[in-house]
Amino acid sequence: MMNANATARLAGAMASLRSKVPGRCVLCLARDARHGICAGCLADLPRLPTESCPVCALPSPAGAICGACSTNAPSYDTVRAALPYAFPIDALVSALKYGDRLALAPVLGRLLAECAAVDPLPDAIIPMPLAPQRLRTRGFNQALELTGAFPRRWLDLVAPGVLERRRDTAPQASLPLSDRGANVHDAFLARRRLDGLDVVVVDDVMTTGATLHEAAAALKRAGAVRVRGWIVARTLLRTQ
Ligand SMILES: [Zn+2]
Ligand SMILES: [Zn+2]
């Protein structure tokens, strides 16, 4: 099994190679790639289980609210995830963050939009913010890039300045699971009132849900009545 750095380097190399042949599938280089991924690769992508918890999107029999969400409800209300965080989606997400964002953000953003289109439109769509230092290092916010591929009528709802990430928390993947909750506590601040609003937070990956939980808590402190997560790729293992 490759380590995360090797996977990210490979994914970045793949993406930069494929971005040089626009119009082709990001996975197999087929020419008939509508929106950057061909019909064959799209059909072959791993799928989420059809029965999942409506709150956290983890597998749950008959689509019931899972035990963890029943006993300790997170501050977000629902999560809509497009895909499981598994190969090759993990490589595409790594490439989005560490490789060629321009080639992959529209592909992943459209997959998310197709999945989220079954939901009612929110009052605001908020890309999960990066802390200022991480934004400077990376040069872009991948969550904001994803929203750029949303349907035109959604774009007026995108509100990137509403939520601020005050601290540069350590990347979740580098921390033991037991430390991930503390890592994001009080990391977020809403910059304006959101009284009575139904808001969506967009992010590329959801693992423990601790980051979304803290972001949603900050949005609700600002008056939001409902916070939903729209996530490209959901880790399917229960990690909290
Ligand atoms: Zn393909
Ligand atoms: Zn749940």
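1. I begin with Val-201, which, once its neighbours within four places in sequence are set aside, is in contact with Ile-126, Met-128, Leu-212, Leu-219, Val-227, Arg-228, Gly-229 and Trp-230. The model under review is a predicted one, and the contacts named here should be read in that light. Val-201 belongs to strand β5, and it counts as buried because its relative accessibility is 0%, where the limit for that word is under 20%. Among its partners, Leu-219 is 18 residues away in sequence, with a C-alpha to C-alpha separation of 9.7 Å.

2. The strands around this residue deserve a point of their own. β5 and β6 run parallel and are joined by eight bridges, with Val-199 standing opposite Val-227 in β6. Between these two strands the chain passes through helix α10, residues 210-221, in a β-α-β crossover that is right-handed. β6 also pairs with β1, again in the parallel sense, over six bridges, and in β6 it is Arg-234 that stands opposite Pro-84. Of the nine residues of β6, eight are buried, so that the strand is mostly covered.

3. The largest nonpolar core comprises 35 residues, and those with the most contacts inside it are Leu-27, Leu-108, Ile-125, Phe-150, Val-202 and Trp-230. At least two residues of this core are supplied by each of β1 (78-84), α4 (89-98), α5 (101-116), β5 (198-206) and β6 (226-234), while the largest share, nine residues, comes from α5. Leu-108 touches Leu-92, Val-93, Leu-96, Leu-146 and Val-232, when residues up to four places away in sequence are not counted. A second core, separate from this one, has 34 residues and includes Leu-58, Ala-124, Ala-159 and Ala-222.

4. Helix α4, one of the contributors to the largest core, is mostly covered, with nine of its ten residues buried. The buried residues are Ile-89, Asp-90, Ala-91, Leu-92, Val-93, Ser-94, Ala-95, Leu-96 and Lys-97, a list in which the reader will find Asp-90 and Lys-97 beside nonpolar residues such as Leu-92 and Val-93. In the loop between β1 and α4 lies Pro-88, and the peptide bond that leads from Phe-87 to Pro-88 is cis, with omega near 0 degrees.

5. Turning to the metals, the zinc ion (ligand 1) is coordinated at 2.3 Å by the SG atoms of Cys-25, Cys-28, Cys-38 and Cys-41. The arrangement is tetrahedral because its four donor atoms subtend angles of 104 to 115 degrees, and the criterion asks that all angles lie between 85 and 135 degrees. Along the chain these donors follow the spacing C-x2-C-x9-C-x2-C. Cys-28 and Cys-38, ten residues apart, are both placed in the loop between α1 (4-19) and α2, and the pair links distant parts of the chain. Cys-28 counts as partly exposed because its relative accessibility is 39%, whereas Cys-38, with a relative accessible area of 7%, is buried.

6. The zinc ion (ligand 2) is coordinated by Cys-53, Cys-56, Cys-66 and Cys-69, in each case through SG and at 2.3 Å. Angles of 103 to 114 degrees among the four donor atoms make this site tetrahedral, and its donor residues are spaced C-x2-C-x9-C-x2-C in sequence. Here the pair that links distant parts of the chain is Cys-56, in the loop between α2 (39-44) and α3 (67-71), and Cys-69, in helix α3, 13 residues apart. Cys-56 counts as buried at 4% relative accessibility, and Cys-69 is buried as well, with a relative accessible area of 10%.

7. Two backbone details in these loops should be checked by eye. Leu-29, placed in the loop between α1 and α2, has a phi near 70 degrees, a positive value in a residue other than glycine. Ala-57, in the loop between α2 and α3, likewise has a positive phi of about 70 degrees although it is not a glycine. As to their surroundings, Leu-29 is partly exposed, with a relative accessible area of 28%, whereas Ala-57 counts as buried at 7% relative accessibility.

Key
Residues are numbered from 1 along each chain as its sequence is written. Chains are lettered from A and ligands numbered from 1 in the order in which they are written. This is a predicted model: local features need pLDDT of at least 70, side-chain atom pairs count only at pLDDT 80 or more; totals for chains, interfaces and linings use all residues. Side-chain values use heavy atoms; hydrogens and water are left out. Donors are N, O and S atoms within 2.8 Å of the metal (3.2 Å for Na, K and Ca); water is not among the atoms, so sites may look incomplete. Four donors count as tetrahedral if all angles lie between 85 and 135 degrees; four count as square planar and six as octahedral if opposite donors are over 155 degrees apart and all others between 65 and 115; anything else is irregular. Helices (H or I, at least four residues) and strands (E, at least two) are DSSP runs, numbered from the N terminus. Buried means under 20% relative accessible area, exposed over 50%, partly exposed in between (1.4 Å probe, protein chains only). A nonpolar core is a set of buried Ala, Val, Leu, Ile, Met, Phe, Trp, Tyr and Cys residues joined through side-chain atoms within 4.5 Å. Contact means heavy atoms within 4.5 Å. Two strands pair if DSSP finds at least two bridges between them. A crossover is right-handed if, with the strands pointing away from the viewer, the path from the first strand over the helix to the second runs clockwise.
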